[in-house]
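Please read through the structure shown here, from its overall fold to its local features. Which parts of the chain come together, and where is space left between them?

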Amino acid sequence: MNDTIPAIGQFIEPSPVTFTFGAPGWYIVAALLVLCILLWAIWVLVRYYKNRYRREAVKRIDAGQEKLFSEAKYADFIYLANMLMKQISMLHYGRKEVASLQGKSWFEYLNSCCRKPIFNTEDENIVATLYLTENNNQQMQAEVFASKAKQWIKNHRYATRNRS
């Protein structure tokens, strides 16, 4: 039976298609890739400049810590760090909302500006008794307060509320 089927001949296979980036789809992919990289670079740059105040505030705390600790003025340093956080808060969250805060409400407000609370009642007591007592723990308390202030400056969220 196979003898009755006429022979068609051999299949002609086309030559393999060579890979090339000359196809128009690759130009589109390359343009999209360049655009994504450019947008990412712009986002990083904007974020870098937007967070410049954070870097400068941490430098001010470090400089104040170095200067005032060498003079054993721990209360002055705690005051400096607290006022720096107050200035940043007023700038980002509004003067009306922040200026009158003090004591427990101030530290609750600072904690509400971060994802995870940083300050506790001990920090509240440190600021409350800043000038009342001169104790041996003041340097250690000031160092702990400095690290918490730096942590707050680096990690506080941007305001979603209206500034006034």
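The paragraphs below take up the fold, the salt bridges, two loop residues, a helix contact, the surface and the largest pocket.

The model is predicted. It holds 7 helices and 0 strands, so that, by the DSSP runs used to assign elements, the order from the N terminus on reads α-α-α-α-α-α-α. The protein has 164 residues, of which 30% count as buried.

Salt bridges come next. Side chains of opposite charge can pair when their charged atoms come close. The count in this model comes to 6 salt bridges. One of them joins the side chains of Glu-56 and Arg-52, with 3.6 Å from N to O. Both residues belong to helix H2, which covers residues 52-70, and because they are 4 residues apart there, about one helical turn separates them. Glu-56 is partly exposed, with a relative accessible area of 43%. Arg-52 is partly exposed as well, at 45%.

Helix H5, residues 103-112, holds another pair: Lys-104 and Glu-108 lie 4 residues apart, about one turn of the helix. Their side chains meet in a salt bridge with an N to O distance of 4.0 Å. Glu-108 is partly exposed, with a relative accessible area of 46%.

The salt bridge between the side chains of Asp-123 and Lys-148 has an N to O distance of 2.8 Å. This pair links distant parts of the chain, since Asp-123 sits in helix H6 (residues 121-128) and Lys-148 in helix H7, 25 residues apart. Are the two partners buried or exposed? Asp-123 is buried, with a relative accessible area of 0%. Lys-148 also counts as buried, at 15% relative accessibility, because the cut-off for buried is under 20%.

Salt bridges also link Lys-67, Glu-71 and Lys-73 in a network. In sequence, Ala-72 falls between two members of this network, Glu-71 and Lys-73. Ala-72 lies in the loop between H2 and helix H3, the latter spanning 74-93. What sets the backbone of Ala-72 apart? Ala-72 has a positive phi of about 60 degrees although it is not a glycine. At 43% relative accessibility, Ala-72 counts as partly exposed.

A second loop residue is Asn-120, found between H5 and H6. Asn-120 is partly exposed, with a relative accessible area of 37%. Its C-alpha is 7.5 Å from that of Phe-107, and the two residues are 13 residues apart in sequence.

Helix H3 contains Leu-84. With a relative accessible area of 6%, Leu-84 is buried. Leu-84 and Ile-61 are 23 residues apart in sequence, while their C-alpha atoms are 8.3 Å apart in space.

On the surface, a nonpolar patch of about 670 Å² is made by Ile-28, Leu-32, Leu-35, Leu-38, Leu-39, Ile-42 and Val-46. Ile-42, one of these residues, is found in helix H1. Ile-42 is partly exposed, with a relative accessible area of 45%. That value fits its place in the patch, because patch residues need over 30% relative accessible area.

The last feature is the largest pocket. Rolling a probe the size of a water molecule over the atoms shows where empty space is left. How much space lies in the largest pocket? The volume is about 270 Å³. The lining consists of Trp-43, Val-46, Arg-47, Lys-50, Asn-51, Arg-54, Arg-115, Lys-154, Asn-155, His-156, Arg-157 and Tyr-158. Val-46 in this lining is also part of the nonpolar patch.

Which helices each supply at least two residues of the lining? They are helix H1 (24-50) and helix H7 (138-155). H1 gives the largest share, 4 residues. By class, 6 residues of the lining are charged, 3 are polar and 3 are nonpolar. Among the charged residues of the lining are Arg-47, Lys-50 and Arg-54, and Trp-43 and Tyr-158 are among the nonpolar residues.

Key. Residues are numbered from 1 along each chain as its sequence is written. This is a predicted model: local features need pLDDT of at least 70, side-chain atom pairs count only at pLDDT 80 or more; totals for chains, interfaces and linings use all residues. Side-chain values use heavy atoms; hydrogens and water are left out. On a 1 Å grid over the protein atoms alone, a cavity is a set of points where a 1.4 Å probe fits but cannot get out, and a pocket is an open set with protein on both sides within 12 Å along at least five of seven lines; lining residues have an atom within 4 Å of a point. Grid points are joined across faces, edges and corners, and a volume is the space filled by probe spheres set on the points. Patches are made of residues with over 30% relative accessible area and no salt bridge: like charges are joined within 9 Å, nonpolar side chains (Val, Leu, Ile, Met, Phe, Trp, Tyr) within 5 Å. Accessible areas come from the Shrake-Rupley method with a 1.4 Å probe; for residues, only the protein chains shown count as cover. Buried means under 20% relative accessible area, exposed over 50%, partly exposed in between (1.4 Å probe, protein chains only).
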